[in-house]
Structures are given as C-alpha cells and as structure tokens.
Amino acid sequence: MSGAADLAMVDPAEASQRVESGALLLDVREPDEWSAGHAPEATWIPMRELGGRQAELPADRPIVVVCRSGERSGRVTVALRRAGYDAANLSGGLLAWASAGLPVVTDCGDAGTVA
C-alpha cells in the first residue's frame, strides 16, 4: 500500500469544521514552533514524542494533524491511519490555516505567529 493512498487531506476550512464538530486538532511541531503560535483548539504532541504518547490520542473521534507546512503532519497522518485512526492531514499546515484567517495564538492567548 502506498503512502499517498493512506494520506487523507483537508483544507483549512474543512479542518476547522471538523474541529468544531469534535475532531482533535493534533499539532506535531517542535517546541519553538508551538511557542510562537498555534491554533487555540490544538493538542500539542511533538512528532518525535508521538510514538511514546500515542495512547493519549482518541480512538473514537477524528484527528486532524497539523505542522508548519503539511509535510511532517502528512507522515504522521499516514502512520496514524495505518494504526487504525481516523486521521487527516491539514493541507498546507498552519501556514494555510493562518492564511485562511483562522486564529493563531500563544499559550497566554495573545496573537501568535507561524514559525
């Protein structure tokens, strides 16, 4: 089975709609990227920690995976789908999310940036 066949993609509008409907928004970026800014609803588990923290992911609801541009989150999405999760990659990553006018904040709630 090819990776491309396992890669479900959503655009920012669809990702936002899924999150509003109960999907988990999983941010897999590095600590400095997260600190600069993230989606307010996101759960942060850096990609390198995901193997040891997979039990934190819900098996009973969809997951939208996000990184900066969509590359790392694409790899995570394929792995999660192969493990049986209902996961989709945010096409274009947090850059696309921010470009679509969706919120990016810091931990204290101030306006964030995509690093």
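A helix here is a DSSP run of H or I at least four residues long, a strand is a run of E of at least two, and both are numbered from the N terminus. The model shown is predicted.

**View 1. The whole protein chain has five helices and five strands.**
Start at the N terminus and follow the elements: they run β-α-β-α-β-α-β-α-β-α. The radius of gyration is 13 Å, close to the 13 Å that the globule rule gives for 115 residues, so the protein chain is as compact as a globular protein of that length. The C-alpha trace spans about 40 × 30 × 25 Å along its principal axes. Buried residues account for 42% of the 115 residues. Take the contacts between residues at least 6 apart in sequence: 62% of them join residues at least 24 apart.

**View 2. The surface and the charges of the protein chain.**
The accessible surface is about 5700 Å². Carbon and sulfur atoms hold 50% of that surface. Now look at the charged side chains: 10 are positive and 16 are negative. The centres of the two sets lie 6 Å apart.

**View 3. Five strands form an open sheet.**
In what order do the strands lie? The order is 1-5-4-2-3, and the pairing is parallel. Strand 1 and strand 3 (43-44) are the edge strands, and each pairs on one side only. Strands of a sheet pair through backbone hydrogen bonds, either parallel or antiparallel.

**View 4. Strand 5 pairs with strand 1 and with strand 4.**
Strand 5 covers residues 87-90. Two bridges link strand 5 to strand 1 (residues 9-10), in the parallel sense. Here valine 10 stands opposite leucine 90. Strand 4 (residues 63-66) also runs parallel to strand 5, and three bridges join the two. Valine 64 has alanine 88 in strand 5 as its bridge partner.

**View 5. Strand 2 meets strand 4.**
How many bridges join strand 2 to strand 4? There are four, and the two strands run parallel. Strand 2 covers residues 24-27. Find aspartate 27: it stands opposite valine 66 in strand 4. In a regular strand the side chains alternate between the two faces of the sheet.

**View 6. Arginine 18 sits in helix 1.**
Helix 1 covers residues 12-20. Arginine 18 is partly exposed, because its relative accessibility of 29% falls between the cut-offs of 20% and 50%. Which residues does arginine 18 contact, leaving aside neighbours within four places in sequence? They are Val10, Ala23, Val64 and Ala88. Arginine 18 and valine 64 are 46 residues apart along the chain, yet their C-alpha atoms are separated by 7.8 Å.

**View 7. Arginine 75 sits in helix 4.**
Helix 4 covers residues 71-82. The relative accessible area of arginine 75 is 45%, so this residue is partly exposed. Look across to asparagine 89, which is 14 residues away along the chain. The C-alpha atoms of arginine 75 and asparagine 89 are separated by 8.8 Å.

**View 8. Threonine 106 lies in the segment after helix 5.**
Helix 5 covers 93-99. Is threonine 106 buried or exposed? Its relative accessibility is 17%, which is under the cut-off of 20%, so threonine 106 counts as buried. Residues up to four places away in sequence are not counted in the list that follows. Threonine 106 touches Ser35, Ala36, His38, Ala111 and Gly112.

Notes: Residues numbered from 1 in each chain as written. Predicted model: local features only at pLDDT ≥ 70, side-chain atom pairs only at ≥ 80, totals over all residues. Heavy atoms only, no water. Rg over C-alpha atoms; globule rule 2.2 N^0.38 Å. Buried < 20%, exposed > 50% of the residue type's maximum accessible area, 1.4 Å probe, protein only. Contact = heavy atoms within 4.5 Å. Areas by Shrake-Rupley, 256 points an atom, 1.4 Å probe, with all protein chains shown as cover. Lys, Arg positive; Asp, Glu negative; His and termini not counted. Charge placed at Lys NZ, Arg CZ, Asp CG, Glu CD. Pairing = 2+ DSSP bridges.
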